[in-house]
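Consider the structure shown here and follow it from the overall fold to individual side chains. The cysteines, the salt bridges and the surroundings of two ligands are taken in turn.

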Amino acid sequence: MSDRKEEKRIGVILCHCGKNIAGGVDIESLHKAVEKMEGVVFIAENRFSCSEEGQATIQQLIKENKLNRFIVAACDPTLHLATFQRCGEKAGLNPAFMDLIDIRKWTMHGSPVKVDSKQALENSKELIKRAVKRIRLKRIIPKIAVKTEPSVLIIGGGIAGVEASLELADKGYKVFLVERLPTIGGKMALLYKIFPTNDCAPCILAPKTAYANAHANITPLTNSEVMEVQGYIGNFRVKILQKPRYIEEKKCTGCGICIEKCPSKAPNEYAAGMGERKAIYIPYPQAIPLKAIIDAEHCLYFQKNVCRICEKVCPTGAIDFEQKPKMIELKVGAIIVATGFEEYDPSEKTEYGYGRYGNVITQFQLARLLDIDGPTKGKLLRPTDGKEPKSIAMIQCVGSRDESTNPYCSGVCCMYALKHIQIIKEMVLPTAEIYFCHIDVRAVGKGYEEYYRRTRGLGVVFLHGRPSEIIENPETRNLILKVEDPDIGERTELEADLVVLSCAMVPPHGTKQLSELLHIELDENGFYKEVHPKLQPVETSARGIYICGCAQWPKDIPHAIVQAKAAASCVDSELRKGEIKLPEFIVKTGKNKLRG
Amino acid sequence: MSNKIIRTAELDPNFKFEVTAHESARDLNYCFACGSCSAGCPIHEVFPDYNPRKLAKMIKLGLRKEVLSSDYIWYCATCRTCEQRCPQKVSFFNVLNVLKNIAAKEGYAPTAWVEQTKQVMQTGIVFPIEETCVKKREQLSLPSLKGEGKKAKKLIETTGLDEIESRG
Ligand SMILES: Cc1cc2nc3c(=O)[nH]c(=O)nc-3n(C[C@H](O)[C@H](O)[C@H](O)COP(=O)(O)OP(=O)(O)OC[C@H]3O[C@@H](n4cnc5c(N)ncnc54)[C@H](O)[C@@H]3O)c2cc1C
Ligand code: SF4
Ligand code: SF4
Ligand code: SF4
Ligand code: SF4
């Protein structure tokens, strides 16, 4: 359509965006400056370019003035470039020759880069000048159609990753679900009960994980990590390293005889550091796949070349000490990152003595203690002496809403602390006195406020104050907390047998490396960054790569599921035709050619 | 109570359950300390130290003795504004009645209040009638105000009010 020989007729529209732009920059001066720019044959102003009327004006201008290149000086291209490209296309303009540049960021209230009107004028002139130059030098080559692989890589086998897998597998895509642990299910499998309905966590999780494991279109790759990612949407080439289990999965029936006989013990990561497991183990009874795994770091054969008892006792001959790491190469059309979160390590907040005081634990540890399948078989016993605590204090916002650690609210910890109170008061230890020390209680979600009210009804002391420090009584190992509640007015010294810290949710280790492999951005807190927090919450800066669940931001299970379905839907929209058109154009700047 | 440090180890964590065991005060546990009760209370307006929200929290913390021996629980004007305004349907008015009952049984009733009960038992009348008032009524041919002391006594005895002792 547009070619080298053709005369370049550039039109520019200065958008007022109501007062968002016009209120902060001298439009008249800007107008005059743009008129003088090389190649600009037409310039006009619009009050709201994105409105129907504004778009009609643009189309009319393109046609009347025979414009073949057009620049809208208005707002963020991630918001509206597509709008204006569609608008121009209707007037016969190639989308590659429609540009949107953001001059609003210099003038709009709330913009982090807002400047005074003089500076706004200079900045806007400069941006428009560059855009005009760019569009003058731009050449297009025809769009190319590329075939897309009908397969998807999902990284992280928590509830978000599993949900996205099922959505896509049911639509017919081949899904590779990569999980670095030996089981899929993520944190949810270890939470015992799930607010706001208090269903049993494994009971509502297992139908999903079991289905994912059995689904003809899903290949779960546990004990695996992504090592390399190449390519682009429709055609990613990835390498995945599957570490050895030292068990032949097909032969292992999960009978557990090997575990019983194994003489070597190791700390149990599935009991949040509060119990032991064997060197050969199955993470938990509902693990999927239900296969044993040998932890070489604690196995006597790998460490001292002795033992091999498991090999002798296994009735199916499943043990294979010779297994080697396997590099798996895949071609996939799209990628979903669902790597979840980790609990903040509160030992950094030395005033609370986590790690020093034996009876200060985290909420995740409490979840394991309350769990019937946990290290204490559901008995709430304090770590130092195995006695039932008479008084329990919970401290909210540990490592959250705190400028010295993480500024954000983790959003879920108020709710899971309330859940643990309900479990303790209604099931495990009704006589325990519970103190809930909070800055404020955040119970935002369907049924959540009602859940909070129900918890209050159990007779809990809600103290509106954040303890400044904890002191341990070295004899009783009890803990003294100093709290100030404005309703009481006096300083309160809380004495508790057990203190539970509601810790922030933070990005899991390895997030930075993975983001570099994928070439996608992280936000200021280290979570994966979405294209737009409101309008494109699961898209990333790389087309074909999506995020969901706590990998994007701390959230509860309902919201993780919503995002998983959203990410799956984005993948489907891109891949369903089996072919996509990639816009390609060249900008000639001197000797360099930029392809995009 | 300023400058005091409250030590939970010295408190009575069951106090809140003792209070909420009474049907009329059952909802107290739902209180989330919004302060509507205090903001609307006419007595709080006159005596800022009288503060329903604070009393609610003191009950929950288990400051049993402090609450029961406090003069404040007897200040209530029984207007029930607190109950009207509470978004959690707590009747603080009823909570106070429960507190007063417990306090009275344990000898925390204010002297004036016990003396008044005695007077009712004797005369059947809450406030003594002044001589001028009696004369005025006679002039106006109104019936004389004779208290029914005996009946009042019987009534009071059946409620056990007669056994209440003042804190002296
Ligand atoms: C104590 C506690 C109680 C909670 N209780 C509730 C509740 O009652 N109700 C509720 O709605 N929410 C609750 N939550 C929140 C809930 O845990 C999360 O919403 C949910 O787990 C998020 O799921 P996810 O899949 O995004 O992340 P995760 O569950 O963290 O799963 C992520 C998975 O990705 C894997 N992974 C990480 N990095 C990599 C990598 N590089 N390569 C491969 N795999 C990787 C991890 O091993 C993990 O299996 C609670 C949270 C806590 C801490
Ligand atoms: S490895 Fe053998 S003994 Fe161990 S769980 Fe599997 S089948 Fe049973
Ligand atoms: S959810 Fe509650 S405990 Fe967690 S950071 Fe937010 S306010 Fe604090
Ligand atoms: S109005 Fe109700 S909820 Fe609010 S502080 Fe008073 S008793 Fe509590
Ligand atoms: S009933 Fe008593 S406590 Fe309640 S508002 Fe009236 S005076 Fe105040």
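A:Glu163 is a suitable place to begin: at a relative accessible area of 3%, this residue is buried. The model is a predicted one, and the values given here are computed from it. The carboxylate of A:Glu163 has a partner in A:Lys565, and the two form a salt bridge in which the closest N and O atoms are 2.9 Å apart. This pair joins distant parts of the chain, since A:Glu163 belongs to helix 5 (residues 159–170) of chain A and A:Lys565 to helix 14 (residues 557–575) of chain A, with their positions 402 residues apart. A:Lys565 itself is partly exposed, with a relative accessible area of 35%. The bridge thus pairs a buried glutamate with a partly exposed lysine.

Side chains of opposite charge can pair when their charged atoms come close. A further pair of this kind is A:Glu167 with A:Lys171, which meet in a salt bridge with an N to O distance of 3.2 Å. A:Glu167 has a relative accessible area of 21% and counts as partly exposed; the cut-off for buried is under 20%. A:Lys171 is partly exposed as well, at 41%. Neither pair stands alone: A:Glu163, A:Glu167, A:Lys171, A:Lys208 and A:Lys565 are linked in a network of salt bridges.

Where does the salt bridge between A:Glu516 and A:Lys512 lie? Both residues are in helix 13 (residues 511–518) of chain A, 4 residues apart, which is about one turn of the helix. Their closest N and O atoms are 2.8 Å apart. A:Glu516 is partly exposed at 47% relative accessible area, while A:Lys512, at 53%, counts as exposed. The helix 13 bridge links positions 4 residues apart, whereas the bridge between A:Glu163 and A:Lys565 spans 402 residues. Over all chains, the count of salt bridges comes to 50.

These pairs sit in a chain of 596 residues, of which 54% count as buried. Chain A has 14 helices and 33 strands. Its C-alpha atoms fill a box of roughly 85 × 70 × 40 Å along the principal axes. Among the contacts in chain A with a separation of 6 or more, 68% are between residues 24 or more positions apart. The chain exposes about 26,900 Å², and carbon and sulfur atoms supply 52% of that area.

The cysteines come next. How many disulfides are there over all chains? The count is 1. The bond joins A:Cys200 and A:Cys203, whose sulfur atoms are 2.2 Å apart; the cut-off for a disulfide is 2.5 Å. The torsion about the S-S bond is about 80 degrees, and the disulfide is therefore right-handed. Both ends are partly exposed, A:Cys200 with a relative accessible area of 26% and A:Cys203 with 48%. A:Cys437, by contrast, is in no disulfide: the nearest cysteine sulfur, that of A:Cys397, is 11 Å away. A:Cys437 is buried, at 1% relative accessibility. A:Cys258 is buried too, at 10%.

A:Cys397 appears again at ligand 3. The residues around this ligand are A:Gln396, A:Cys397, A:Ser400, A:Arg401, A:Cys409, A:Ser410, A:Gly411, A:Val412, A:Cys413, A:Cys414, A:Asp440 and A:Arg442. Two elements of chain A, strand 22 (391–398) and helix 11 (413–428), each supply at least two residues of this shell. By class, the shell holds 5 nonpolar, 4 polar and 3 charged residues.

The last site belongs to ligand 5. Of the 13 residues around this ligand, B:Cys41, B:Cys76, B:Cys79, B:Arg80 and B:Cys82 come nearest. Helix 3 (42–46), helix 6 (81–85) and helix 7 (92–105) of chain B are the elements that give two or more residues to this shell. Its composition by class is 10 nonpolar, 2 polar and 1 charged. For comparison, the shell around ligand 3 includes 3 charged residues.

Definitions and conventions
Residues numbered from 1 in each chain as written. Chains lettered and ligands numbered in written order. Heavy atoms only, no water. Buried < 20%, exposed > 50% of the residue type's maximum accessible area, 1.4 Å probe, protein only. Near = heavy atom within 4 Å. Nonpolar A, V, L, I, M, F, W, Y, C, P; charged D, E, K, R; others polar. Salt bridge = Lys/Arg side-chain N within 4 Å of Asp/Glu carboxyl O. Contact = heavy atoms within 4.5 Å. Areas by Shrake-Rupley, 256 points an atom, 1.4 Å probe, with all protein chains shown as cover.
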